[in-house]
Amino acid sequence: MTRPDSAYRSDCSRCAGLCCVALSFTRSADFPEDKAAGDPCRHLGPDFGCGIHDRLRDRGYNGCTVFECSGAGQQVTQVTFGGADWRTEPDLRQSMFDVFDVMRQLHEMLALLEEAAWRGTATDLSEATELVSAATAGAAEQVLATDVPALRTVVGNALRQVSGEVRRPAGPALSGADLVGRDLRRRDLRRADLRSALLISVDLRGVDLADADLLGADLRDAAVAGADLSRALFLGQAQVNATRGDASTRLPDGLARPAHWG
């Protein structure tokens, strides 16, 4: 069965460049310079577009190519603030940035719940989805008053139920494992619990990750050429963007192949 298109994907054309202003970054392998939160990136154009979007990695902005707001940017711009932006209405500036921070977390939860509803049958998925959706629909003050930790607990419980259901019988228990730099090509990782595992620079080339739970796994620079991620559980676009794959890498329906894979 083909997975339906996600409702929680970023659409920069409907956003006021919030990630390019509200977030900070530090000079590192992911960014060529420092930028404080609230300062616009020097490459942000008057139309809120990126002036070097097609050259981000060439210019050292690897972090920008990994980032995914799960649609929070357009929700804040178009819904919460009714199409207003921080340039023409500077009094809204800090409020927009603060709401964006909360909305990103809420939309990440909704994206996971959306996948969970497609993959499993946990009884409290609808309740969790309704609670989080209601939080995203309020005015700025209501969004900022959201008890995010409480919602995370509700959502987390629902996602664990789905994970247990999908991964039955369970594969390797590697939740939180430090596997940095390991060659995992000979490991059977089907139905594995890899939640919050450190998979930085691991070799997953050709590995089948069917029904493996990758919620919160750190996949930066993981080699996934030829890997089958098409049925990986709770794998997000930002995680995919951080890996090193190629044309032979199989991705889940609804996730885009990163441009830097070539």
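Student: How many salt bridges does the count come to?

Tutor: Good place to start! This is a predicted model, in which local features need pLDDT of at least 70, side-chain atom pairs count only at pLDDT 80 or more, and totals for chains, interfaces and linings use all residues. Residues are numbered from 1 along each chain as its sequence is written, and side-chain values use heavy atoms, with hydrogens and water left out. With a salt bridge taken as a side-chain nitrogen of Lys or Arg within 4 Å of a carboxyl oxygen of Asp or Glu, the count comes to 11.

Student: Which residue forms a salt bridge with Arg-195?

Tutor: Look in the loop between α7 and α8, where both partners lie, 18 residues apart; helices here are DSSP runs of H or I with at least four residues, and strands are runs of E with at least two, numbered from the N terminus. Both partners are buried, a word for under 20% relative accessible area, while exposed means over 50% and partly exposed in between (1.4 Å probe, protein chains only). The closest N and O atoms are 2.6 Å apart, and the partner of Arg-195 is Asp-213.

Student: Is Arg-250, the partner of Asp-228, buried or partly exposed?

Tutor: The two form a salt bridge, their closest N and O atoms being 3.2 Å apart. Asp-228 lies in the loop between α7 and α8 and Arg-250 in the segment after α8, so the pair ties together parts that are 22 residues apart in sequence. Asp-228 counts as buried at 17% relative accessibility. At 48%, Arg-250 counts as partly exposed.

Student: How many aromatic pairs are there?

Tutor: Rings of Phe, Tyr and Trp (its six-membered ring) pair if their centres lie within 6.5 Å; planes under 30 degrees apart count as stacked, over 60 as edge-to-face and the rest as tilted. By this rule, the number of aromatic pairs is five.

Student: Why is the pair of Phe-25 and Tyr-61 edge-to-face?

Tutor: Start with the ring centres, which are 6.2 Å apart. The pair counts as edge-to-face because the planes stand at 85 degrees.

Student: Which residues form one aromatic cluster?

Tutor: Tyr-61 also pairs edge-to-face with Phe-31, at 6.5 Å centre to centre and 80 degrees between the planes. Phe-31 and Tyr-61 both lie in the loop between α1 and α2, so this pair ties together parts that are 30 residues apart in sequence. Phe-31 is buried at 15% relative accessible area, and Tyr-61 is buried at 2%. The cluster is formed by Phe-25, Phe-31 and Tyr-61.
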